[in-house]
Amino acid sequence: MTEIALWLANSIASYGFNKLLDQGYGKLFKSEKEFKDQLQKLINNSIDEYAKEHPIERMDGKFPFYESQVFMDILLKYRLFDKNEILDYQSIKVRLSENHNILIPTQEEIEKFFLIFDRTVKEDEILEKIFCKKSAPKEIFKISSIMQEIYEKQDEILAQSIENSQKLDTLLKKEVYENKSTKYLTNAPTQEILVVGREKDLEKVRNELDADRSLLLMNGLGGIGKTTLARKYLVEFADVYDHIVWLEISQGVVEAFAGSNVLHSNLGLVEDIKTLKPEDAFALIMNRLKNMDGNNLMILDDAKEDFASMRKQLPGKPNWKLLVTSRQNFTGIKPFHLDFLEPEDARQLFYEYYTTEKNDALLEKIFEPVKYHTLVVELFAKMAMMNELTLSELAEKADAEGITISIPTDVDVDHSESNIENILEYLIRTFPVNELPEGLIIILRKLAIMPSIFEDYRVLDFFWQVEDKNKEEFHLNLNLLTKRGWLERTRNEYKLHGIISQLVLNEYPPDYDFYKEYISLLLSISLFEQDKENHIDKLFIIPYCLNIIVYLSIDNDRLIYLMKNVASLLSYHGNYSLALEINKEALTNAEKIGNRRLELQMISAMGLNYENMGRYNEARELYEQILCEAGEIFGENHPNIAATKSNLANVCSRLRECTKAKDLLEQALKSDIEIFGENHPRVVAHKSNLASVYGDMREYTKARGIMEQVLESAIKQFGEMNPNVATAYNNLGQISLAMQEHDPAWEYIQKALLIAKIVWGAEHPNTISINKSIIYIIKSLTYIVLKGNGSDICDVLSKINKSLLSTDVDMKKYIEFLYVLIQKGDAMGYYEKLSPDFKELVNDVRNEMQQRTIIETLTKFTIMAIKSHETQDDHIEEIQQQIEELREEANSEVRKYYDFLLAYAKGIYSEELKDMIDKPLWEMFIKIKNGELN
């Protein structure tokens with residue numbers, strides 16, 4: 001099966017199958033998979049037959065037209081969408097010419113391919129009924145512009161269904177519980193539950209939170225009942241609180257908050273958050289929560305390692321109480337350790353679910369080996385009841401030989417791993433999963449590979465693509481598993497406990513074939529375009545993908561692509577170290593299966609990881625490795641090569657190799673303009689980066705010219721009110737400011753700020769950043785005034801003053817202060833009337849001027865010392881004289897640096913000399929020596 005056939009069949013099936021059902025064609029197929037398989041076969045057969053009859057000689061890395069995704073789109077248009085449309089060869093040729101790696105066919109070759117394809121369709125009785133009847137609706141196979149963008153990415157043809165991602169996004173955004181008030185800021189398990197033997201523990205939780213304590217950490221062994229007790233507290237005392245947040249920490253604290261769509265909605269932050277990175281979204285959410293009045297409760301269930309570093313950022317006194325459950329201890333937090341149930345309480349819990357008979361002696365024999373572990377007691381009771389076992393039969397079935405649970409005397413000692421292993425072993429021996437009905441086993445296997453969190457039944461329907469006719473049975477089986485104790489339920493949500501997941505996976509080790517369709521779904525959802533999507537909404541998919549990566553043997557390209565996708569998401573969301581770890585493993589797996597194209601993609605991804613981590617030399621090494629062989633693999637003009645050159649240019653720019661960065665970007669720009677055209681986002685990005693490099697080289701006129709092109713393209717493509725336009729205006733403002741052209745800098749940044757407030761909102765980090773640019777302009781003008789050159793900027797100050805709104809009272813006062821300072825040199829009376837922020841601004845500029853004077857002096861002496869060391873000039877006496885005059889005024893670190901310069905000027909150099917000076921000063925010395933600073 002060719003990859004292109006797979007891509008096309010998946011695309012059509014994803015978009016078309018439900019519409020086929022609506023039009024009455026669905027009865028021709030048992031399932032979407034059958035429809036897809038037949039379509040794949042049809043396309044593949046057509047390609048094979050044509051290639052056999054009309055072999056095409058490959059050259060210079062180019063490939064035949066029928067292997068391109070562009071031609072598959074043409075095939076849809078002329079043979080599937082509308083067979084009566086007249087073949088327009090010229091337009092086809094233009095489309096194919098957009099990619100210089102495609103061997104352009106003649107009109108005769110296209111017509112021959114169409115003849116073979118038509119014949120293949122007619123030979124398939126079922127597909128012929130769809131594609132060859134006039135009644136077949138054209139819209140069935142309409143592919144959206146988003147899919148168009150996806151299949152133009154030659155190396156990511158495994159993307160299948162954007163529609164799936166949108167549908168799941170809608171499900172996840174929908175509130176499961178429709179609250180009539182905003183008490184519950186997130187979905188929360190508010191259903192009454194049975195809790196036995198935890199009365200004292202519940203009272204302790206209440207007393208601790210009622211006291212002047214804002215944080216309570218409840219820890220204990222997995223399955224001991226931490227979450228159950230937290231739920232019980234919520235149900236019992238919800239009325240005490242004005243607002244409630246409940247979040248399950250499946251990945252991390254930041255991700256839990258940033259990924260909670262219901263929370264965003266209830267806080268009125270949906271639009272503000274959708275383009276933010278998780279850490280920025282988290283900061284915005286925390287700010288909103290901390291400013292909430294009332295007596296509020298936050299419950300974080302199953303906190304992980306990152307809680308220790310994040311807890312101080314969470315809301316606390318006086319308005320918030322925080323209840324955290326975790327298997328872990330955290331330094332500096334005294335935990336409330338939840339112990340095993342007392343035997344009499346455990347027996348009571350057992351008899352709540354098992355009502356056939358009572359026999360305490362037998363229960364002791366069954367549960368003493370596991371110290372009456374809560375989850376074991378409840379599961380045994382439900383399973384014994386459902387299977388109609390007597391207690392004698394249950395005792396006989398329970399094989400506790402060699403099973404021991406150790407209870408730590410010190411709660412800071414973690415015995416959980418060995419204890420969990422013993423509990424798992426006991427469960428497996430007593431109630432093997434393979435004794436369940438097949439339908440229940442299938443559901444358990446599906447849920448076991450997912451994160452252990454509550455999922456709405458509609459989301460489960462979607463993840464496992466449950467057909468409408470099977471949904472009733474699927475939901476009945478979910479309820480049956482709940483009654484048997486295998487699943488937890490609250491309202492319409494289900495959860496497989498982490499211990500049960502391990503039990504299932506131990507008995508049924510995950511294999512690719514069982515999870516194949518699920519993996520395809522994850523592939524399509526995890527793929528993203530960095531500049532085109534709302535990435536906060538992609539956060540939720542990361543733990544699902546990570547589970548697959550952890551549990552499955554990675555031995556095919558689809559799983560490696562999944563690793564690549566999730567690593568990209570992790571990297572975008574700032575988790576560079578984990579992304580790098582996954583990409584390294586993916587590279588190893590790509591090498592094992594011998595897919596060199598995929599290996600190069602993983603090397604590129606690792607390069608981006610290193611770049612994001614500031615490890616630029618390692619990134620450069622990888623990018624250069626790719627360029628050495630990418631031409632042979634992809635073809636010389638492939639977009640991947642341009643992308644790698646652009647990445648390498650970014651690294652060179654960071655390493656201050658500006659000339660090399662410029663050359664690489666110009667090459668990438670030329671290549672991508674030929675392939676995509678002047679206004680394509682990739683081309684615009686290259687131009688923006690090139691302008692930045694010219695800025696670093698202080699060639700500001702060139703930088704501004706290129707950035708003006710970027711602005712023009714952005715306005716043409718997106719319209720005036722767009723984030724990309726705001727960014728372009730801001731960049732132009734920065735360039736103008738660097739050129740000391742304050743008037744245009746002010747106008748550009750004001751335009752950027754106006755757009756930013758509309759598209760992002762006033763509190764958005766990007767808006768705040770642009771607003772800081774306004775302050776930089778004012779600082780620059782203040783510096784000029786304090787230097788005594790204020791008369792040169794009177795016109796600029798006048799224009800700024802006229803542009804200010806009547807509400808900009810503080811800014812107007814500051815402009816007036818600068819005017820008086822220019823005219824009289826003394827504006828103390830006006831200074832005293834300034835707001836504290838503007839007073840601080842004046843002091844900042846004065847301090848920066850002092851620092852700049854010191855640096856200018858140090859730079860001057862450094863250059864003289866270097867010249868003397870290289871015997872170009874003899875400045876030793878001059879240096880010694882001036883250093884003697886200045887050294888007493890300098891601080892100790894600068895005095896050491898002067899001594900170092902004097903020794904260096906005399907030709908003396910050693911490691912001891914280097915070690916005597918401050919690291920920042922040494923770095924400055926090296927940059928001046930290398931010509932990187934003037």
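Two strands are said to pair if DSSP finds at least two bridges between them. In this predicted model, that criterion applies to strand 9 (residues 487–490) and strand 10, which pair in the antiparallel sense over 4 bridges. The briefing below sets out the chain as a whole, then the sheet built around strand 10, a cavity lined in part by that strand, and the surroundings of Lys226.

**Chain overview**

- The chain has 934 residues, and 52% of them count as buried.
- Its secondary structure comprises 45 helices and 10 strands.
- Among contacts with a separation of 6 or more, 70% join residues 24 or more positions apart.
- About 43,600 Å² of the chain is exposed, with 46% of that area supplied by carbon and sulfur atoms.

**The sheet of strands 8, 9 and 10**

- Three strands form an open sheet in the order 8-10-9, with antiparallel pairing.
- Strand 8 and strand 9 are the edge strands, since each pairs on one side only.
- In general, strands of a sheet pair through backbone hydrogen bonds, either parallel or antiparallel.
- Strand 8 (residues 455–456) is joined to strand 10 by 2 bridges in the antiparallel sense, and Glu455 has Tyr494 as its bridge partner in strand 10.
- On the side of strand 9, Arg489 stands opposite Tyr494 of strand 10.
- Further along the pairing with strand 10, Glu488 stands opposite Lys495, and Leu487 has Leu496 as its bridge partner.
- The hairpin of strand 9 and strand 10 has 2 residues between the strands, and Arg491 in this hairpin takes a positive phi near 55 degrees.

**Side chains of strand 10**

- In a regular strand the side chains alternate between the two faces of the sheet.
- Strand 10 (residues 493–496) directs Glu493 and Lys495 one way, while Tyr494 and Leu496 point the other way.
- These four residues are all buried, the cut-off for that class being under 20% relative accessible area.

**The second largest cavity**

- The structure holds 4 cavities of 30 Å³ or more.
- The second largest cavity contains about 60 Å³ of space.
- Its lining consists of Leu447, Met450, Pro451, Ile453, Glu455, Leu460, Tyr494, Lys495 and Leu496.
- Strand 10 provides the largest share of this lining, with 3 residues.
- By class, the lining of the second largest cavity has 7 nonpolar residues, 2 charged residues and no polar residues.
- Two residues of this lining, Glu455 and Tyr494, are also bridge partners between strand 8 and strand 10.

**The surroundings of Lys226**

- Lys226 is located in helix 10 (residues 226–237).
- Lys226 counts as buried because its relative accessibility is 8%, which falls under the 20% cut-off.
- Leaving aside residues up to four places away in sequence, Lys226 touches Met218, Asn219, Gly220, Leu221, Thr325, Ser326, Arg327 and Leu338.
- Lys226 and His337 are 111 residues apart in sequence, and their C-alpha atoms are 9.4 Å apart in space.

Note on methods: Residues numbered from 1 in each chain as written. Predicted model: local features only at pLDDT ≥ 70, side-chain atom pairs only at ≥ 80, totals over all residues. Heavy atoms only, no water. Buried < 20%, exposed > 50% of the residue type's maximum accessible area, 1.4 Å probe, protein only. Contact = heavy atoms within 4.5 Å. Areas by Shrake-Rupley, 256 points an atom, 1.4 Å probe, with all protein chains shown as cover. 1 Å grid on protein atoms, 1.4 Å probe; cavity = no way out; pocket = protein on both sides within 12 Å on 5 of 7 lines; lining within 4 Å. Points joined across faces, edges and corners; volume = space filled by probe spheres on them. Nonpolar A, V, L, I, M, F, W, Y, C, P; charged D, E, K, R; others polar.
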